[in-house]
Amino acid sequence: MPRNIDTEERKRLIAKAAWDIVATQGLRGATVRNIADVAHLSVGSVQHVFKSSKDIYLFAMDQAVTNAAARIDATLSHAHDPLTTVQHVLCELLPLDQTRVAEARTWLAFTAEALVEPSLAEASSAMQNLLKQVARSCIEVLDEAELLRTDTDIALATVSLQAFVDGLTLQMLAAPKSLPASRAKAALHSYLQGICT
């Protein structure tokens, strides 16, 4: 007999199952039945908290954003010098471990699906909005520490940093053997050194 779990815990369990399926089978594999199987729940238990697979997708994406934001907050609580802090914060957005790989693949799958399914557009943009805010904050931290070049255009530097992290994420997902975590971290460090004085 399965143990009793509260609704919020069950939602998180279902979201984790959805990430795991999307990471290995893509969004089309993330049916209610498959998610229930991976979460070790009955279909009825899943449908008790989510009416459709789309509702699961939306919650799973929201959880991915929430988790990334929590990791960033935890990183900031152990802040070092500004450049190291910025690098650690940005690393929380890269697929450097199994959890972040699943989150990044989920985000990428949502982004692709949102191109043809407008009802998912808001959810798929949530991670981009987080990345934009984080990139802006990182550029501002470097600017306040007087590490950026004096002629730096803050808005352009923010867009460039966001695009770099997006591109690095995509390359890590598409070709993990050619861009392992250590090399991705080195590339990020090199990029940050390049925009600093």
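What share of the contacts in the chain with a separation of 6 or more is made by residues 24 or more positions apart? In this predicted model, such residues account for 65% of those contacts. The chain contains 9 helices and 0 strands, and its elements accordingly read α-α-α-α-α-α-α-α-α from the N terminus on.

The overall dimensions were examined next. The C-alpha trace spans about 60 × 35 × 30 Å along its principal axes. Of the 197 residues in the chain, 43% are buried. The accessible surface amounts to about 10,800 Å², and carbon and sulfur atoms contribute 54% of this area. Charged side chains comprise 18 positive and 22 negative groups, with the centres of the two sets 9 Å apart.

Helix 6, formed by residues 98-114, was considered in detail. With 17 residues at 1.5 Å a residue, helix 6 should span 24 Å, and the distance of 24 Å between its end C-alpha atoms therefore agrees with expectation. Several positions of this helix are buried, among them the alanines Ala102, Ala104, Ala109 and Ala114. The aromatic residues Trp107 and Phe110 are likewise buried in helix 6, as are Arg100, Glu103 and Thr106. The packing partners of these buried residues are helix 1 (7-25), helix 4 (53-76), helix 5 (82-91), helix 7 (121-144) and helix 8 (154-174).

Helix 1, one of these partners, also contains aspartate 20. The relative accessible area of aspartate 20 is 28%, so this residue is classed as partly exposed. Between aspartate 20 and alanine 39 there are 9.8 Å in space from C-alpha to C-alpha, at a sequence distance of 19 residues.

Cysteine pairing was then assessed. A disulfide is a covalent bond between the sulfur atoms of two cysteines. The criterion applied here requires a pair of cysteine sulfur atoms within 2.5 Å, and the resulting count is 0 disulfides. For cysteine 138, the closest cysteine sulfur belongs to cysteine 91 and lies 10 Å away, which is too far for a bond. For cysteine 196, the closest cysteine sulfur is that of cysteine 138, and the separation of 11 Å is again too far for a bond. Both residues lack a bonding partner in the model because of these distances. As to their surroundings, cysteine 138 counts as buried because its relative accessibility is 4%, and cysteine 196, with a relative accessible area of 7%, is buried as well.

Note on methods:
Residues are numbered from 1 along each chain as its sequence is written. This is a predicted model: local features need pLDDT of at least 70, side-chain atom pairs count only at pLDDT 80 or more; totals for chains, interfaces and linings use all residues. Side-chain values use heavy atoms; hydrogens and water are left out. Buried means under 20% relative accessible area, exposed over 50%, partly exposed in between (1.4 Å probe, protein chains only). Helices (H or I, at least four residues) and strands (E, at least two) are DSSP runs, numbered from the N terminus. Contact means heavy atoms within 4.5 Å. Accessible areas come from the Shrake-Rupley method with a 1.4 Å probe; for residues, only the protein chains shown count as cover. Lys and Arg count as positive and Asp and Glu as negative; His and the chain ends are not counted. The place of a charge is taken as NZ of Lys, CZ of Arg, CG of Asp or CD of Glu. The expected span of a helix is 1.5 Å times one less than its number of residues.
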